[in-house]
Amino acid sequence: MAAQWEPGKEYAPGAIVKPRATPLTPILITDPGLELGGGSWTLDGGVTVSAASPHTGANSLACSTIGGPLYARAATVDCGAFHKATVWCMAKTGGASTANSVSVVVEWLNAALAVVRTDAFAPVSGTLYTESRFSIVGPKDAAKVRIGAVFNRSVAGTSYADDFRWALEASGFRDLLFKATQATAQTSSNVEPTWPTTVGATVADASITWTAVVTSRIAWKAVPVMSAGGSIEPTWPTVDGGTVVDGDIIWRAFTRQITDVNCPQTDIVTITASKVFVGDNDIVRYCATNAPLDWTATLDAGFLPFGLQTYGSNPVAALGVYRGNLVPFNSEAFQMWQADADPANMGKIDELPIGSVYHRALSPVSNDLFFLSGQGVRTVGIAGGSTNLEAGDVGMPIDPLIVAALAEAEVWGIKPLAIYYPNTGQYWLAIPSNAGNTQVFVYTMNKVGQVGAWSRYIFPFFISAFAQFDNKMLVRADEAIMELDDQLLVDFEAEEEETDIVGTLWWPWLDMGSAGVTKMLDSFDIVGNGAPTIEIGWDQTNLGTFTDPYELPADTLPGQRIPFPLSAPSFSIRLTYTGQWEFNALNIYLNDFGSGS
């Protein structure tokens, strides 16, 4: 690429430059400002010469007609192939709406005076006169060219165009560079020379002689290798390997379905160590490394003999990953296998009599693996260390609720599902019911080393799948996909089904002292935010015996305690919130009527 000519610069013999200034040949326009009445112009119907609002002088073009494009064209002048036209005009639309526009236009005609191309750019919209200007290179078959304006209106009003100018640049000049042909190195003058436009012509530049030379240029043309047959979509084949001709293209149908006979057709699937592992009755098959379509490759694809190990008498029912190791479960136990891209490095690490049949309820959580057993939610880290399901694991506080929900779901053949939501540090376990709703048990992890807390949500629809997209939690319910937003205080916001979200804190029956001895509840304090109601149960042999709901202030510590006289051997307390709320503490003040109290 040649550098531009510079003033006051030394150029050695043989140096090549390109001009800084492009020599445009001004073209005279007959009646450029419509001052002669526009008799030399050709105007489409709806375009007139008007004295209402000229830019300069007495007249301008005007158009008030809704629609377009409507053209005004000046007289044609001669040109050649690939000439460059630079065109200007001043224009306004008479209103602020961008639905109206005016643009300067240039039309290229062939030797038979047929229009071969129309170029219109730089549209103007607005109440003030603004310049519409652009430069364009004409087509190879151009013999004549003319300037004009094009109007488009969608809103009532009047558009104007005035003061047309243009210039042409011959194509030959753009193919020329200039070579220094003097005998010694010389310095250019401070004024750029008037460059010649023919090959071999020279021009003096102080003591430099510049000679016009032909540019070495390669033109590239895009030619499609293949093109479709047209605007009509072909009739696509419906079998694997079927073909259809579409213009120059032959489309072949293929399926991504795994057809390898060694791939089990089950949904007990997990991925680790660059392989897909699938439960297949009493074995766990795996595909070739990085090749999920290949389940046959020798020394790469294969299976783990789950059934030949301890506790392997029942089929594989669930698969998970614990700290990079594969964990297959059946109803009586789990085994732990080292997973590796090389089958030679795979081997059984351990087995423990702790089982699960709920594959979709397994989820890696932090550095542990949560799973659902018949007794409740457990973790491989704690259950494995204690070798039983009765030790204090994360799910113990809600075991009765889980067992009851599972019993109902299994009657109807409904399977629970789970996901880990790392943004909130939560494990979500959903157990849909035949009533059309879903109980979701959420375990929220607190700081490292501390016990987390469980919450229960009842969604008024049947959740069939969870997914995380970016930082969002998504759920599928029938054909709907919904986003869960922790900032919303209602379900189905701004829809017909919008409902308040109600929060309930419900304590079990508490002796609050000596068991079986009547206590007199005197009063209580509550600390938190929101507007709760309180109900207190007083007969644990009748779970429906609660006091009427009583509205409370959010925080009673600054004032008096809330008097609430009630006597019973044990109490169950239920707080109900709506809207945004926070609970911190509830203090109960009572007298124990037992001996020595």
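**Figure 1. Leucine 34 is buried in the predicted model, with a relative accessible area of 0%.** This residue lies in the loop between β4 and β5. Beyond its neighbours within four places in sequence, leucine 34 is in contact with Trp41, Val49, Asn59, Ser60, Leu61 and Phe164. Glycine 57 is 23 residues away from leucine 34 along the chain, and the C-alpha atoms of the two are separated by 8.6 Å. The model shown here and in the other views is predicted.

**Figure 2. Aspartate 31 has a positive phi, near 60 degrees, although it is a residue other than glycine.** Aspartate 31 is placed in the loop between β4 (25-26) and β5 (42-43). Its relative accessible area is 6%, so aspartate 31 counts as buried. Leucine 34 of Figure 1 also belongs to the loop between β4 and β5.

**Figure 3. Serine 366 has a positive phi, near 55 degrees, and is likewise a residue other than glycine.** The residue lies in the loop between β30 (363-365) and β31 (368-373). Serine 366 has 57% relative accessibility and therefore counts as exposed. By contrast, aspartate 31 of Figure 2 is buried.

**Figure 4. A cis peptide bond links glycine 68 to proline 69.** The omega angle of this bond is near 5 degrees. Proline 69 is part of strand β8, which covers residues 67-73.

**Figure 5. Glycine 95 is a buried loop residue, with a relative accessible area of 18%.** The loop that holds glycine 95 runs between β10 (84-92) and β11 (101-109). The value of 18% is under the 20% limit, which is why glycine 95 counts as buried. Apart from neighbours within four places in sequence, glycine 95 is in contact with Gly126 and Thr127. Alanine 156 is 61 residues from glycine 95 in sequence, and the C-alpha to C-alpha distance between them is 8.7 Å.

**Figure 6. Cysteines 89 and 263 are shown in a structure that holds zero disulfides.** Cysteine 89 is in no disulfide, and the nearest cysteine sulfur, that of cysteine 63, is 13 Å away. Cysteine 263 is also in no disulfide; here the nearest cysteine sulfur belongs to cysteine 287, at 8.4 Å. A pair of cysteine sulfur atoms must lie within 2.5 Å to count as a disulfide. Cysteine 89 is buried, with a relative accessible area of 1%. Cysteine 263 counts as buried at 10% relative accessibility.

**Figure 7. Tryptophan 454 is set in strand β36, residues 453-459.** With 16% relative accessibility, tryptophan 454 counts as buried. Leaving aside neighbours within four places in sequence, the contacts of tryptophan 454 include Val377, Val394, Gly395, Pro397 and Ile398. Tyr427, Phe441, Val442 and Tyr443 are also among the residues in contact with tryptophan 454. Methionine 473 is 19 residues from tryptophan 454 in sequence, and their C-alpha atoms are 18 Å apart in space.

**Figure 8. Threonine 518 is found in the loop between β42 (502-506) and β43 (519-529).** The residue counts as partly exposed, at 33% relative accessibility. Threonine 518 and phenylalanine 593 are 75 residues apart in sequence, while their C-alpha atoms are 5.8 Å apart in space.

**Figure 9. The protein chain that holds these sites comprises three helices and 48 strands.** The C-alpha trace spans about 120 × 75 × 60 Å along its principal axes. The radius of gyration of the chain is 42 Å, whereas a compact globule of 597 residues would have one near 25 Å. Among contacts with a separation of 6 or more, 58% join residues 24 or more positions apart. Of the 597 residues, 41% are buried. The accessible surface comes to about 31,500 Å², and carbon and sulfur atoms account for 53% of this area. The chain carries 33 positive and 60 negative charges, whose mean positions are 15 Å apart.

Terms used:
Residues are numbered from 1 along each chain as its sequence is written. This is a predicted model: local features need pLDDT of at least 70, side-chain atom pairs count only at pLDDT 80 or more; totals for chains, interfaces and linings use all residues. Side-chain values use heavy atoms; hydrogens and water are left out. Helices (H or I, at least four residues) and strands (E, at least two) are DSSP runs, numbered from the N terminus. The radius of gyration is taken over C-alpha atoms; the globule rule is 2.2 Å times the number of residues to the power 0.38. Buried means under 20% relative accessible area, exposed over 50%, partly exposed in between (1.4 Å probe, protein chains only). Contact means heavy atoms within 4.5 Å. Accessible areas come from the Shrake-Rupley method with a 1.4 Å probe; for residues, only the protein chains shown count as cover. Lys and Arg count as positive and Asp and Glu as negative; His and the chain ends are not counted. The place of a charge is taken as NZ of Lys, CZ of Arg, CG of Asp or CD of Glu.
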